[in-house]
Every structure is written in structure tokens, then in C-alpha cells.
Amino acid sequence: MSKFKQLGLSKEITDALEKIGYENPTEIQEKAIPAILNGKNDIKAFAQTGTGKTAAFSLPIIEQIDTESKQTQAIILSPTRELALQIAKNIQEFSKNIKGLKTVCVYGGSSIDNQMRDLKKGAQIVVGTPGRTVDLIKRRALKLNNIKWVVLDEADEMLNMGFKEDLDKILEVTPNEKQTLLFSATFPKEVEAIARNYMNNPVELSAGKKNIGADTVEHELYVIPERQRYATLKRIVDMNIDMYGIIFCRTRRETQEISDKLIQDGYTVDSLHGDLSQAQRDMVMRKFRSKKIQILVATDVAARGIDVNELTHVINHRLPDQIESYTHRSGRTGRAGSKGISVVIANGKEQGKVRQIERIINKKFVEKEVPSGKDIVNAKLDQYVAKIKNLNVDSSKMDEHLENITTQLKKLTKDELIKRFVYNEFESLLNYYNKEGDIQRDQKREHTRSNNENMQRFFVNLGRMDELNPARMIGMINDTLDKKVEIGQIEILKSFSFFEADKNYTDEILAAFEGVTRRGRRVSVEKTEQQKSKSRNGDRGRDRKRSGRKRSSDGNYNSGRDNKGGFKRRTEKSTRKRKRRDS
Ligand code: AMP
């Protein structure tokens with residue numbers, strides 16, 4: 001017996017699932033399907049994109065729909081039309097063996113009259129975006145008085161997009177006796193409020209942080225100077241010759257700009273964002289699905305609901321404003337068991353955000369060097385040569401021209417010929433990468449990362465409040481030690497900081513800072529553990545524990561800085577050294 005059957009689904013449905021290649025239920029399906037089939041409780045489910053949540057809520061609903069009645073029994077709300085269409089398409093596939101079951105999808109930017117006509121014919125399941133759903137309720141084209149199931153899919157995203165009022169309006173007109181199923185990747189307080197206001201003792205389900213894609217997605221990081229962002233993007237695309245993926249941008253404008261630039265530079269890309277009409281979006285998606293375009297440049301919202309399983313890459317040209325959105329982005333690749341790579345391009349100052357994302361995905365980014373021009377040219381040449389080697393030439397079309405061509409090229413040697421043909425193909429690429437130097441890692445890092453075993457991490461009781469910055473910190477360490485040691489990660493917080501330095505100098509550093517003062521206050525440097533403090537809470541926590549400093553009468557902290565912003569050392573040792581230097 002199939003595993004789906006064991007969960008309580010009928011043969012009509014399991015046959016359909018077999019046809020589309022669902023062999024085993026995913027974790028969320030295993031939990032949600034029996035809960036919805038057998039219980040009447042509301043359900044609050046933590047599930048990210050790519051977990052198989054669409055089937056998790058729609059299969060048990062389909063199983064229980066009364067096809068004798070044409071009344072709407074289930075309403076599924078989703079944040080975007082793309083996602084709504086995707087859900088409706090999935091439901092149609094799942095229910096294709098069930099006679100009399102009808103699903104209608106309603107969303108803005110498309111004829112409301114057609115949707116009203118479809119609804120009039122009767123649809124037991126309606127999938128919709130909140131705005132259009134409210135319009136249709138107002139026009140009495142959609143009646144929710146017989147609703148048995150309400151699904152709020154990607155509830156966090158619906159609230160992010162400002163649909164709170166619409167959700168309230170929709171939920172208010174549904175009967176009390178119903179099962180509400182809320183699916184969300186995150187549970188900020190707005191989502192919790194919806195759960196509190198509209199759900200009765202909900203059962204909580206979680207598919208954990210794992211999704212179908214999670215283990216199959218590799219996360220790569222390129223830390224580059226801001227001005228090299230586009231050049232880096234180009235190199236990543238150039239290096240990954242067979243890439244089929246999405247480049248994520250933060251705004252519509254940026255999306256259009258990047259897409260225009262890439263097109264100008266000869267790449268087969270197109271853009272998807274909110275300024276496009278529905279017809280334009282559909283056209284772009286058709287081209288992308290049929291692989292006429294290799295890369296889609298998209299905003300987060302526009303990319304919702306894109307159900308293309310074989311994406312090789314997701315590139316975060318810029319990190320999303322809300323770091324939680326990163327999981328939605330990376331979840332577009334590595335789907336349904338295939339491998340995927342999620343690439344982040346970030347400047348040095350964005351390292352804090354990168355670290356936060358690592359905590360959310362529970363994985364470390366693999367930091368990569370931007371490929372050199374030489375690497376890219378070699379990769380492209382290899383690919384070209386392989387293509388020529390494997391090319392099937394239709395001789396019947398070539399033979400008649402061959403004699404003429406060979407006569408004309410007779411004087412050229414084989415090497416010369418190869419060189420010319422390849423150069424003709426690669427001239428612009430060779431010229432571009434000949435001009436361009438290598439892209440170095442951005443050194444301007446607020447939170448440089450290092451798990452370097454050769455480094456010791458130190459705590460120091462000075463921070464931003466003392467006008468400390470990374471450059472001054474390095475200066476302070478060098479001055480105090482009176483020699484240059486390798487410095488690693490520097491993390492400046494409000495009232496204290498951390499730095500890493502070559503661990504061979506640990507004792508020397510500790511000794512050198514003994515008795516050092518700044519504006520009369522003792523500077524305290526202590527050994528601490530690698531990469532411990534990151535959070536702002538940590539800042540506050542240590543702040544309270546460590547500072548113990550008093551405000552001076554002028555209201556400033558007595559931080560010991562001299563008038564020129566330098567650091568004073570008032571140890572016997574330093575005085576001796578100074579004297580030696582002076583003499
Ligand atoms: P979803 O989270 O619903 O967007 O699903 C993510 C992807 O996983 C979609 O492409 C689904 O078609 C696919 N999928 C969902 N459930 C299964 C399953 N049990 N077996 C294989 N693929 C699945």
C-alpha cells in the first residue's frame with residue numbers, strides 16, 4: 001500500500017499522485033494530512049517554501065469535498081497571483097480523477113467578469129489573492145457561508161504585503177464552524193495575532209527547518225567591494241555556463257536595471273517584477289519555463305509561486321531587506337530532491353546580515369573567491385571545444401560549400417585556422433577579461449569572519465562609545481605591542497569590542513595591555529572564545545556586566561582617550577621604550 005494511502009487518502013488521489021511522481025509524503029504532508037482528515041481542530045503549521053505544503057493542505061481537503069454540492073467549501077488564500085495559480089494547478093492535478101470537483105482561481109490584474117462567470121458555474125474550491133477575494137465577496141459573486149476549510153498560505157507574506165484588512169474582512173464572513181489552516185514560514189506577532197483572533201485552540205505542526213530543498217542547497221558567498229557587484233554577478237554567470245536560475249534583486253527598478261545591463265552584455269535573460277502586466281509576466285514565465293531564457297531577474301514578490309523544479313542556481317544580487325526572505329529565495333532551487341546552489345553577493349558591511357542568515361538556515365556559507373578572468377575564459381573555451389567535438393554536422397548541407405571554403409583557406413595551417421575560428425567566437429570575451437583585473441575580497445568588514453585556528457579572540461572594554469573603529473583598533477594594538485601582529489576579525493559593539501590576533505602572541509598581547517589607560521581609565525583586554533558574541537542582547541548583557549564605568553562631570557564617559565584621539569600607555573615598560581627611542 002502506498003504511503004499516501006496509509007495516511008488515509010483514496011485511490012483516486014493516490015493514483016493521481018503516482019502519475020506526477022510523488023512517491024513518499026514529505027514531513028509536513030505526513031503530519032498535516034491525517035490531522036486534517038481526522039480532526040476538526042484548527043492547524044497552525046510552520047512550513048517553508050519547498051516543504052510540499054501545498055499538497056499537505058490540499059490533499060485532505062480534496063478528499064473530503066462534497067462533490068454532490070456545487071457550493072464553495074474551501075477557500076485558499078495566498079499572497080500572489082503566481083502562487084495562487086500554482087496552488088490551483090496543483091489541486092487540479094491532484095483531483096483529476098475526482099468527478100465533479102471544480103477549482104477556480106481568482107486574482108487581481110485579470111478580468112473580474114470572467115472570474116465571476118467561473119464562480120457562478122460553481123466551484124467547491126476557490127484559490128485567491130486577498131484583494132480580489134474581497135472584491136468578489138462584495139459583488140456577491142463569491143459566497144463563503146458554507147465554507148468548511150479556510151487556508152491561509154504563506155500567512156507571513158500576506159501580512160507583509162499589507163493584506164491584514166482584507167484577511168479580516170474575509171475571515172469575518174466565514175461561518176464559525178470550520179477548520180482554519182494557517183501555513184507560515186515565520187511567526188511574527190502579526191501572524192500570531194491572526195491565529196489568536198481567528199483560530200480555536202489550534203494544533204501546532206512543524207516540518208522543522210528542513211525542507212525538500214534544504215539539504216540539497218549549497219550556500220555560497222562572495223564578499224566583494226560594492227562597486228564590483230555587477231562585475232561579480234557577470235563572472236558568476238559566466239563561470240556557470242549551464243546555469244538556469246533566478247537573480248534576486250530588492251526593488252523593481254534594480255530588477256529592470258540589472259536585466260537591461262545583462263541583456264546589453266549579451267545574456268539571455270528577462271525580468272519579472274510588479275510593473276509588468278499579467279500578460280507580460282505570463283509571457284516571461286513561458287519563455288523561462290521553455291528555457292528560451294536562461295536567467296530570470298526578479299523581485300521577491302514576483303518570484304513567489306514560480307514552480308520550476310530544475311533551477312540550478314539562485315543568485316542573491318542583493319540580500320533581501322527581511323532576512324527571512326532568504327529562505328524563500330534559496331528554496332526556489334534544490335527542489336524535489338535535485339541539487340541547487342544559492343549564491344550571495346555581499347559587501348563587507350553586509351556580513352552581519354550574512355551571519356544572521358546562517359543562523360536561520362542553520363548552515364554556514366561557503367566563501368568563494370570571485371573567478372579570475374583566466375578561469376572564466378578557460379571554462380568557456382573548454383565548453384566551446386567540447387561542443388565542437390560533439391557537434392553533429394549535417395554533411396548534406398555543408399558539402400557543397402566545402403570545396404570553395406577549403407580553397408580560400410588553403411594557405412592557413414591547422415593551428416592558424418583553429419586560432420582564427422576560436423578567436424572570432426571569443427574576441428569580445430577575451431577583450432573584456434584582458435582589461436579587467438581580478439576582484440578581491442572586500443576588506444571593509446564590520447564583522448569579518450574567521451574561524452581561523454591560528455587566531456585568538458580577545459575582549460576589550462572599549463567600543464563605539466569610545467569612538468573606536470576597526471582602523472583605530474588595529475592602531476591601538478600595534479602601538480601597544482610596538483610591533484605588527486596579524487589581526488583577524490574585529491567586532492566593534494557599543495561599549496566593548498572583540499578582536500582576533502595571531503594566537504602565538506596571546507601572552508604578549510595580554511601583558512602589553514596590562515596597565516594601559518585611556519583618559520584615566522584602565523583598558524581591559526581578556527581572552528575570549530571564538531565567535532561568541534554576535535547578538536545585540538549579547539552587547540547589552542556584557543555591557544551591564546563589564547562596563548561599571550561612570551560618567552564624568554561633563555557627561556562624557558571617562559574613556560581615557562587623549563585629545564588627539566590616540567591611546568595613552570602609561571606603563572613603565574612603555575616609558576622605558578619611549579626613552580630608548582628618543583635617545
Ligand atoms: P510546495 O512546498 O508545495 O511549493 O512544494 C515544493 C515542490 O515539491 C513542488 O514542486 C512540489 O511539486 C514538490 N513536491 C511536493 N510534495 C512532494 C512529494 N511528496 N514528493 C515529491 N515532490 C513533492
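Contact here means heavy atoms within 4.5 Å, and that is the sense in which helices are said to lie across strands below. The model is a predicted one, so read what follows as a tour of computed geometry.

**The four-stranded sheet**

Start with helix α21, residues 506-513, which lies across β15, β17 and β20 and runs at about 150 degrees to β20. Those strands belong to an open, antiparallel sheet of four, ordered β16-β17-β15-β20. At its edges are β16 and β20 (525-528), each of which pairs on one side only. From one strand to the next, the twist averages 25 degrees.

Strand β17 (residues 497-502) is a good place to look inside this sheet. Six of its six residues are buried, so β17 is largely enclosed by the rest of the structure. On one side, β17 runs antiparallel to β15 (residues 455-460), with six bridges joining the two. You can check the register with M455, which stands opposite D502 of β17, and with Q456, whose bridge partner in β17 is A501. β17 also runs antiparallel to β16 (residues 487-492), this time with four bridges. There, I490 has F499 of β17 as its bridge partner. The connection between β16 and β17 is a hairpin of four residues.

Helix α20 (residues 470-481) also belongs in this picture: it lies across β15, β16 and β17, at about 125 degrees to β16.

**The seven-stranded sheet**

Now to the other sheet. What is the strand order in the open sheet of seven strands? Reading across, it goes β10-β11-β9-β12-β13-β8-β14, and the pairing is parallel. β10 (269-272) and β14 (366-367) stand at the edges with a single partner strand each, so one side of each has no neighbour in the sheet.

Within this sheet, β12 (residues 313-316) and β13 (residues 340-346) pair in the parallel sense over four bridges. To find the register, take V314 and look across to S342, its bridge partner in β13. Helix α16 (residues 351-361) packs on the sheet, where it touches β8 (217-223) and β13, and its direction makes about 170 degrees with that of β8. Helix α13 (residues 278-289) lies across β9 (245-248), β10 and β11 (295-298), at about 140 degrees to β10.

**Charged pairs**

Side chains of opposite charge can pair when their charged atoms come close. The structure holds 29 salt bridges, and three of them are set out here.

| Salt bridge | N to O distance |
|---|---|
| E220 and K368 | 3.8 Å |
| K380 and D238 | 3.8 Å |
| D321 and R250 | 3.4 Å |

Take E220 and K368, joined by a salt bridge. E220 sits in strand β8 and K368 in the loop between β14 and α17 (373-389), so the pair ties together parts that are 148 residues apart in sequence. Is E220 buried or exposed? E220 is buried, with a relative accessible area of 10%, while K368 is partly exposed at 35%.

The salt bridge of K380 with D238 links distant parts of the chain as well: K380 is in helix α17 and D238 in helix α11 (residues 229-239), 142 residues apart. D238 has a relative accessible area of 3%, so it counts as buried.

Then there is D321 with R250. D321 is in the loop between β12 and α15 (325-330), and R250 is in the loop between β9 and α12 (252-264), so this pair ties together parts 71 residues apart in sequence. D321 is exposed, with a relative accessible area of 60%. R250 counts as partly exposed at 36%.

Beyond these pairs, a network of salt bridges links E226, R229, E254, R318 and E350.

**A nonpolar patch on the surface**

Finally, look for I388, L391, V393, M398, L402 and I405. These residues form a nonpolar patch on the surface, with about 500 Å² of accessible area together. Which helix gives the most to the patch? That is α18 (residues 395-408), with three residues. L402 is found in this helix, α18. Its relative accessibility is 40%, so L402 counts as partly exposed.

Notes: Residues numbered from 1 in each chain as written. Predicted model: local features only at pLDDT ≥ 70, side-chain atom pairs only at ≥ 80, totals over all residues. Heavy atoms only, no water. Pairing = 2+ DSSP bridges. Axes fitted to C-alpha atoms, helices over the stretch in contact; angles between N-to-C directions. Buried < 20%, exposed > 50% of the residue type's maximum accessible area, 1.4 Å probe, protein only. Patch = residues over 30% accessible without salt bridge, like charges linked within 9 Å, V, L, I, M, F, W, Y side chains within 5 Å. Areas by Shrake-Rupley, 256 points an atom, 1.4 Å probe, with all protein chains shown as cover. Salt bridge = Lys/Arg side-chain N within 4 Å of Asp/Glu carboxyl O.
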